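Subject: The structure we talked about

Hi,

Here is the structure I promised to pass on. Please have it open while you read, as my notes go through it piece by piece.

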Amino acid sequence: MFDHPDFDHHEKILEVDDPDTGLKAIIAIHSTAMGPAAGGCRLWTYDSFGDARRDALRLSRGMSYKNAMADLPLGGGKAVILGPVHSEDRTALFRAFGRAVDSLGGHYITAEDVGVGVADMQIVATQTRFVSGLASGAGGVGGDPSPFTARGVRVGIEAAVRTRLGRENLTGVRVAVQGLGGVGGHLCQELHERGARLIVADINPDRVALMQSRYQADIAAVDTILCQDADVIAPCALGGAISENVAARLKAPIVAGGANNQLLTSKAGEILADRDILYAPDYVINGGGIIMVSGEYLGGQTLDGVLAQVDAIGPRLEGIFAAAKRDGRTTQDVVDVMARAKLTAARQIKIQKAELV
Ligand code: NAI
């Protein structure tokens, strides 16, 4: 583990193998410097255990950076459950996952991610209180985080369109959306309501048909969606969509979407910048969901307060775009440096407090 290329001094990694329920999962806690590690649980069928471990390491570090950049009092963690999971095993398996989360004593707080829904988190909640993304009560803070993520992505797209294209609204702006699940589907709605024109692709034809009928979206093939002749490319499926090869072939002047870990390599980010393609760093633009999760879990927030925090993603991105332009750096580099500085400062305060006790 210590030699793994994606190991970044993660504080704790729990590998779970529960023969009674078939649960195989990895919970990675990257940092608790800013607070308990929060991040969703992904259910995915990986090609190998190594791929799952890599995902958990990368995604949990991304959560530390994301939570730091959103100024949340939360650290970063992530869980991955190795699929496939048969529907008849699902309840027992998520109960076992809840017990694994509980065993960490509140150092990790879970919620939904790819392949996991509110119903799953409600099962988890029967075994642990360290869970969020449950059905929302009065006031509307809670439940599925993906509409909040999509709102933040839409606000981020508006900021990128203002910066790169000098356009004040989304009327007639062409956006190619890859992945039409919770985030991508709600994003299509947000964009359609503001007059954007949609081009969509998903490996699930039912999702594509739904977006076409609801929002009159044009359809692209899964392997050509990223290279569409559009104003904005919005990756909203899995990570690594922007490889160096894709970065070199992109036609759109903006990449701004909801997926985690969109850049396959940092070189891909450099290619985008060299080609004057504006990239909205993923863990800033997709922070809306965790902002809501934080409001639900920590309590004391109104829906309007949470939405105002989500909408602050726009001006935050505009500051990042301006800093990158001023300093001749990639937008990814700008946010990585900012996030690391925030984590280092929080870690030092935590050490000082521990020494005082
Ligand atoms: P989801 O599971 O609801 O949707 C993912 C969609 O992508 C599915 O419709 C799937 O068929 C499609 N897909 C998978 N591979 C594809 C491919 N190669 N080409 C086209 N479509 C493909 O997941 P969700 O929640 O919408 O998450 C999407 C992305 O956003 C993930 O990277 C996730 O980590 C990230 N994210 C999600 C948040 C949330 O609030 N749910 C918060 C922040 C990030």
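Below is what I found, starting with one helix and moving on to the salt bridges.

Please keep in mind that this is a predicted model.

Helix α8

Let me begin with α8, which covers residues 266-274. Its buried residues are A268, G269, I271 and L272. If you look down the axis of α8, these buried residues fall within an arc of 160°, so they line one face of the helix. That fits a general rule: an α-helix has 3.6 residues a turn, so residues three or four places apart point the same way. On the other side of α8 you will find S266 and D274, which are exposed. And what covers the buried residues of α8? The cover includes α7 (244-249), β11 (254-255) and β12 (278-279). Just after α8, have a look at D276, which takes a positive phi of about 60°.

Salt bridges

The count comes to 20 salt bridges, and I picked out three pairs for you.

In the pair R42 and D55, the closest N and O atoms are 3.1 Å apart. This pair links distant parts of the chain, with R42 in strand β4 (residues 41-44) and D55 in helix α1 (residues 49-69), 13 residues apart. Both R42 and D55 are buried.

Next come E190 and R154, whose closest N and O atoms are 2.7 Å apart. E190 belongs to helix α5 (residues 182-193) and R154 to helix α4 (residues 146-165), so their salt bridge ties together parts that are 36 residues apart in sequence. Are these partners buried or exposed? E190 has 14% relative accessibility and R154 has a relative accessible area of 7%; buried means under 20%, so E190 counts as buried and R154 does too.

The last pair is D327 and R326, where the side chains meet in a salt bridge at 3.0 Å, N to O. Here D327 is partly exposed at 36% relative accessibility, while R326 is exposed, with a relative accessible area of 63%. Elsewhere, salt bridges that share partners join R154, E158, E190, E193 and R194 into one network.

A loop residue

Finally, there is H86, in the loop between β5 (75-82) and α2 (90-103). H86 is partly exposed, with a relative accessible area of 45%. Its C-alpha atom is separated by 25 Å from that of L59, and the two residues are 27 apart along the chain.

Happy to go through any of this with you.

Best wishes

Terms used:
Residues numbered from 1 in each chain as written. Predicted model: local features only at pLDDT ≥ 70, side-chain atom pairs only at ≥ 80, totals over all residues. Heavy atoms only, no water. Helix = DSSP H or I, 4+ residues; strand = E, 2+ residues; numbered from the N terminus. Buried < 20%, exposed > 50% of the residue type's maximum accessible area, 1.4 Å probe, protein only. Arc of directions from axis to C-beta. Contact = heavy atoms within 4.5 Å. Salt bridge = Lys/Arg side-chain N within 4 Å of Asp/Glu carboxyl O.
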